[in-house]
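Work through the exercises below with the model open beside you. Try each task before reading its solution.

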Amino acid sequence: MADDAVFSPADAAIPPNPDPGIELNVDGDEEGDELVDDEGEADFEFETNDLEHEDNQMLGARSNDLKNSIQRVFDIERNDLGDDGGKILSIDGGHMLEFGKNGHESNSVQIMEVPGSDHNSRGNQFPEIHGNGNPVIIDDGTGGKSCLPPAVGMEFESYDDAYNYYNCYSKELGFGIRVKSSWTKRSSKEKRGAVLCCNCEGFKAMKEASTRRKETRTGCPAMIRLRLLESNRWRFDEVKTEHNHLLDHERAQNSRSHKKIDAGAKRKLESTVNIEVQTIKVYQTFCADAVSYQSSNEKEISNHVQQATHLKLRGGDVLALYEYFHRAQLVDPNFFYVMDLSDEGCLKNVFWISSRSRAAYSYFGDVVVVDTTYLSRTYIVPLLTVTGLNHHGQSVLLGCGFVVNETMETYIWLMRAWLTCVLGRPPQTIITDKSKALCGAISVVFPRANHRLCLHNVMQYILEKVGEMRESVLIQTLLNRAVYSSMKVEDFEMAWEEMIQHCSIKDREWLRTLYEDRERWVPVYLKDTFFAGIYTSQPGEYMSPFFHGHLHEQTTWTEFFNFYELVQQNKIHQESLNDLESRDFRPVLRTSYSYELQLSEVYTKDIFLRFQEEVVLMANCCIVTQIHANGAVITYMVEERNTEGDSQESRNFEVMFDKVGLEVRCICSCFNFRGYLCRHALTVLNHNGVEEIPSTYILTRWRKDLKRMYARDLGSNTIDITNPVQWYDHLSRRAMQVVAEGITTQERYMVARQALRDSLNKVRLADKHV
């Protein structure tokens, strides 16, 4: 789709009379007469057997029914996010959005759903269908299949797309279609509108009724009226889905409209299978599964292109998916879910994120983990999660997805969908497994982020590889020494070489590949990367998957959604309890250092207790020696003695301290790994008479006195005054801040209530002053 495309207002009414120079053609088997409307403003040319129903054929002669246009869709303007966000187009109150890569076109169909404010109105739905126009097939939960029906407000890039959509929909349901009427512009012969109807619409003329041919028409009312918008898109203005006859799949296959899939269609489908995902369409109609009965022609094409895949959903799975999304939208106006469909209307990938997760991202989105634990073939539910770490050091969900496969194309789609939902703000650090496809997708979607590999997964992978080797125990010992104990790069290089030489594993290809990628997973190379406590830099440390203990290999889709909300609520409840506990927490101080008292009043309980251990261990840092000075920057050597057990070993740690800027940095890089200063750095601060930890090293993410409203932060105050999406986004977040602050006390509630009432009155008066 072209990047400069725009959307026209969805509720723009059809003019009372068609434009001058418009020719109306009612398709049939015989030529008809030429008529002129009463006012003479437009000429219409009819070709039909059904002139007795002229009142049903004046397609453009009345205004659009506003009952079917509840929510307005504004023109969309592009908002560039740079390299990290691709192209993201704006969303208005109706929430239509798309983004794609520059310089490409794609036949792929991807669909995003963004909830609006009115969940009870069908008129709230404005889908836009692209690609070959195939319908989406929905499992009705009873073993049967039903197609997503057409709806008022659907938009298509071309008339052919609209026709193909309705044609495929009719074929799946079991009826044929024909073009009942259409009109074109006289000057250019450009088609401007049409009515597509069921083959059983109307009745035979009297001269045909006397023939021996069996009567097939029943006066069926099923039809769609579509018209060309100013944006060159085609929109459904009227839809009737009810039939007054039985649907017959066998008879429908012989319909003229359904005999158009040929070898050319095969070649077209084949050529689009490997095209990279480039566009996500956003709309407000539920789209789901793609398991359906198929005609012989469709099956032939499916077999011809073996790469066409979809999520393996069983009976009732789609219903569970739909019911969860429906419930989520009712209680969460900013709940987003995205669906990626194949050209055949098959559900390939799904991504969703709640408003709470989107808000949490604004506080804890600096470091995220993309967890693919459940994408193993042994799991029924192919779940991918994006998680972070909250102010209590507990995992917080930042997004979920179901994926059909682990290809780079799939991961790119998912990462872009997630990035769009968080307003195009990429994280600072992303931790993933060593999947080549996922790593490639991260480099495409987040080129500026620090992409690191999960150390626990890498170590587990190595141990699995060497598990059957004779020297496995020795290899594990040497490996832990090289990875976890190396202070400098040269220390790791020497220890690694010793391991592969001593154990004779130098020629292992998998080991060579890991070594070449060492700067993404070995801690000694990652000291300049901020991890906020997520990265495991010591043996035994491991951040469990968010659904650990709940999602098992045999867990079904229905079971997953049954416990999904429960797990979420338990996590939220636990966070609330921890907030309350931290607020009233008065720890027993274990040392006389002022740092302990300082952060006991600032940090949450869980984070403070971790920091407190560092303060206690300052007692082991007995010797501080200055080894170098460069102006105000002094380098110290801190000797730490190991007092555990009978061992009296000691280790030396280099610590640099800037007396002017009050900056301190230890070679262990505890602050970057864990988010607070280590005992070595604290010892140097104490050695230099610094009684309080500099504010630079007191992170906001750990503070207990910060009221987290779980409404997305405002970000930039720069608002594009021509962009309705930014109006909506900015105003809604402002309003949510008032609500969050207003519910804390009765006095604040009364003030907020009056302020909102006064603001509404002022807004209503604004038009009168224009």
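This model is predicted. Its salt bridges come to a count of 22. The exercises start with some of them.

**Exercise 1. Find which parts of the chain are tied together by the salt bridge of Glu 654 and Lys 488.**

Solution.
- Step 1: check the pair. The side chains of Glu 654 and Lys 488 meet at 3.5 Å, N to O. The cut-off for a salt bridge is 4 Å.
- Step 2: place the residues. Glu 654 lies in strand β26, and Lys 488 lies in the loop between α11 (472-484) and α12 (489-502), so the bridge ties together parts 166 residues apart in sequence.
- Step 3: look at exposure. Glu 654 is partly exposed, at 27% relative accessibility. Lys 488 is partly exposed too, at 34%.

**Exercise 2. State how Arg 512 and Glu 516 are placed in helix α13.**

Solution.
- Step 1: find the contact. The closest N and O atoms of this salt bridge between Arg 512 and Glu 516 are 2.3 Å apart.
- Step 2: count along the helix. Helix α13 covers residues 509-516, and the two residues are 4 apart in it, so about one helical turn separates them.
- Step 3: compare exposure. Arg 512 is partly exposed at 36%, whereas Glu 516 is exposed at 51%.

**Exercise 3. Decide whether Glu 640 and Arg 679 are buried or exposed, and locate them.**

Solution.
- Step 1: confirm the salt bridge. The side chains of Glu 640 and Arg 679 meet at 2.5 Å, N to O.
- Step 2: locate the ends. Glu 640 is in strand β25 (residues 633-641) and Arg 679 is in helix α18 (residues 679-687), so the pair links parts 39 residues apart in sequence.
- Step 3: check burial. Both Glu 640 and Arg 679 are buried.

**Exercise 4. Work out which side chains of strand β27 point to which face.**

Solution.
- Step 1: recall the pattern. In a regular strand, side chains alternate between the two faces of the sheet.
- Step 2: apply it to β27 (residues 663-666). Val 664 and Cys 666 point to one face and are buried. Glu 663 and Arg 665 point to the other face and are not buried.
- Step 3: find the partner strand. β26 (residues 650-658) runs antiparallel to β27, and 4 bridges join them. Phe 657 has Val 664 as its bridge partner.
- Step 4: inspect the turn. The two strands form a hairpin with 4 residues between them. In that turn, Leu 662 has a positive phi of about 55 degrees.

**Exercise 5. Count the disulfides in the whole structure.**

Solution.
- Step 1: search. The count is 0.
- Step 2: test Cys 200. Its nearest cysteine sulfur, in Cys 198, is 4.4 Å away, and Cys 200 is in no disulfide. Cys 200 is buried, at 4% relative accessibility.
- Step 3: test Cys 622. The closest cysteine sulfur belongs to Cys 621 and is 7.7 Å away, too far for a bond. Cys 622 is partly exposed, at 41%.

**Exercise 6. Identify the residues that make the nonpolar surface patch of about 420 Å².**

Solution.
- Step 1: list them. They are Met 736, Val 738, Val 739, Ile 743 and Leu 756.
- Step 2: assign helices. Helix α19 (residues 724-742) gives the largest share, 3 residues. Leu 756 sits in helix α20 (residues 746-766).
- Step 3: check exposure. Leu 756 is partly exposed, at 42% relative accessibility.

Methods. Residues are numbered from 1 along each chain as its sequence is written. This is a predicted model: local features need pLDDT of at least 70, side-chain atom pairs count only at pLDDT 80 or more; totals for chains, interfaces and linings use all residues. Side-chain values use heavy atoms; hydrogens and water are left out. Patches are made of residues with over 30% relative accessible area and no salt bridge: like charges are joined within 9 Å, nonpolar side chains (Val, Leu, Ile, Met, Phe, Trp, Tyr) within 5 Å. Accessible areas come from the Shrake-Rupley method with a 1.4 Å probe; for residues, only the protein chains shown count as cover. Buried means under 20% relative accessible area, exposed over 50%, partly exposed in between (1.4 Å probe, protein chains only). A disulfide is a pair of cysteine sulfur atoms within 2.5 Å. Two strands pair if DSSP finds at least two bridges between them.
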